[in-house]
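Please look at the sequence and the structure below, and then follow the account of how the parts meet.

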Number of protein chains: 2
Amino acid sequence: MSVCMTGSESEARAHQDCLTKPRGSLGRLEDIACWLAARQGRVKPEPLRPHIAVFAGDHGVCEEGVSAYPSVVTAEMVRNFARGGAAINVLARQCGASLAVVDVGVAADLAELDGIVHANVRRGTASLLHGPAMSGDEMRAAMQAGRDQACAAMDGGANLLIAGDMGIGNTTASACLICRLTGASPEEVVGTGTGVDQAAYRHKLEVVGEALGRVAGQPDADALRELGGLEIAAMAGFYLQAAEAGVPVLIDGFISAAAALAARCFEPEIGRWMLASHVSQETGHALALEALGLSPLLDFGMRLGEGSGAALVVPLLQSAVALHNDMASFESAGVTDRDG
Amino acid sequence: MSVCMTGSESEARAHQDCLTKPRGSLGRLEDIACWLAARQGRVKPEPLRPHIAVFAGDHGVCEEGVSAYPSVVTAEMVRNFARGGAAINVLARQCGASLAVVDVGVAADLAELDGIVHANVRRGTASLLHGPAMSGDEMRAAMQAGRDQACAAMDGGANLLIAGDMGIGNTTASACLICRLTGASPEEVVGTGTGVDQAAYRHKLEVVGEALGRVAGQPDADALRELGGLEIAAMAGFYLQAAEAGVPVLIDGFISAAAALAARCFEPEIGRWMLASHVSQETGHALALEALGLSPLLDFGMRLGEGSGAALVVPLLQSAVALHNDMASFESAGVTDRDG
């Protein structure tokens, strides 16, 4: 949370201090409410209208054997999203969020699939081990697809934006991005993703190390094109558009943090619009959040992606806003304050 | 969570492993769903119907100057609960819980107040510094008031029970109970409660130390009568009744943990029915939860009581159940499993 308070953040804090509870006794709920108040420029934030966009893309690096699941699962899971059967569908319903599923780079023809957004830029990236994952034009098109989704959500009234990911192989791409953009070593960042065994894990470490060697010395702004994924580029564009419009985003897991770091290469102040929902079990997520200056709200040992961790914590934010807006004050309730 | 799985817990785990996500990737959400399944004796737990009972009582030890607020605030806050203006009212509405407010020992005449349960056993305890806080008959009557509330809630269909507290001075009573029942020192357990200054904190430490000296060598089962509060006794009775009926309880903060430890003196296996919602900022709460064998879900630096931390995490439990019950399986969704 911001240490330096803006006008409406300090006004929101003053409001908190009038409510019928010992000052500060709601802990992070008070910080969240004041942070949202400041972002919305109001003493009392509006109720949250969350929107989740899940971006799907495939990864050429899967041919290196870095994932426990085959690439075909990306398209199969997009079909599962479209039918409402995945974790993020359930969690979106639980927290009252609208949900869009976006094919930005799946390696299958999903043109006939109803209920998703068709914005396929390319059918999966090239292997980041051997060259750029995508071209500059492809990266910009994927980022624009993300920006378009943020605009559509905000036009629809959303005031809290969540980006989720689906892409077999994307923990490898994200590990590369996090290493490249934080300076951390593969050993500090690479995890087992959806659950590779020890031999595959060691190979994943080597792949990340080699890819980092390939791009050594390049500018930060090239990292997304060289090492990213189409869904990660879309998420970065989504975050940039939200920040430009002044709408908060709730960061999800490992992939989401990698996309946030990539977005920061284009807008250094973007962290000001971000809250971290949870710290995942994936190695390096905590380190990436720290690099973003974010402190996660929850530690549930999750490692699913899809925006699931972010959707899970939305009710905590909704409660923070409701407490801030709906509690009685010492004066209105006739309760003696400690100085009374 | 329990390491030894019952029949329905292992069946619930097998069900989790068929859902369209990498096994274990929902982390603690999977544990929660399987724990609730086991407690309900079902593979798929019923949706949660939470009920919150807030028990209010005053404390004679306040005359020792151990609290930042005067005793009169207990009754004032009960009136605030009755009007719906306190934090727990807001949080109960947020999570869809029913709420009962129970005067079990407030030091004021609340007989004319509508919208609360009148079960006053005594108008505040005696000072635990100089003798027993209450008589054995008073303790049993307060515990019965708690049992009655659990019965009423379960008769109304509740399948998740939360006890909250309101009682100026009750962090002192709870610190005494936690020290007495865990063997921890006052320095490890006593906190600043609603916010006493350093001088008052040192005095609070002395009061707790002296009270512990007074009851040294007495049986554990006497601790509640000697050192407790009427609302703490009611919470202990509430927990005992829930456990006897086989209904899970969600533990709140410092006072709630003290009541749980007191209840365990009467039923050693009671922890099997408990989940810990959060770890509060109050010193010694983490230690009390550890003694109960419980691992908190949230660490938000809260220190309010009222059942607020427990009510806050109810949506996380509701999401755990919804994911467990509503997600598609690999088979039903036609998604390739890692072994497929």
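The paragraphs that follow turn to the contact between two chains and then to the domains of one of them.

This is a predicted model, in which local features need pLDDT of at least 70 and side-chain atom pairs count only at pLDDT 80 or more, while totals for chains, interfaces and linings use all residues. Residues are numbered from 1 along each chain as its sequence is written, chains are lettered from A and ligands numbered from 1 in the order in which they are written, and side-chain values use heavy atoms, without hydrogens and water.

Chain A and chain B each bring 54 residues to their contact, where contact means heavy atoms within 4.5 Å. Together they bury about 4,500 Å², with 63% of it on carbon and sulfur atoms; buried area is the accessible area (1.4 Å probe) that two parts lose on being put together, summed over both. On the side of chain A, A:Tyr69, A:Phe300 and A:Arg338 supply 15% of the area buried against chain B, more than any other three residues. No salt bridges are counted between chain A and chain B, a salt bridge being a side-chain nitrogen of Lys or Arg within 4 Å of a carboxyl oxygen of Asp or Glu.

Within chain A, the domain assignment, which is automatic or taken from a database, gives domain 1 (6–46 + 322–333) and domain 2 (50–318). Their centres, taken over C-alpha atoms, are separated by 33 Å, and nine residues of domain 1 are in contact with 13 residues of domain 2. The area buried between these two domains of chain A is about 1,000 Å², and in domain 1 A:Arg28, A:Trp35 and A:Arg39 lose the most area to domain 2, together 53% of what that side buries.
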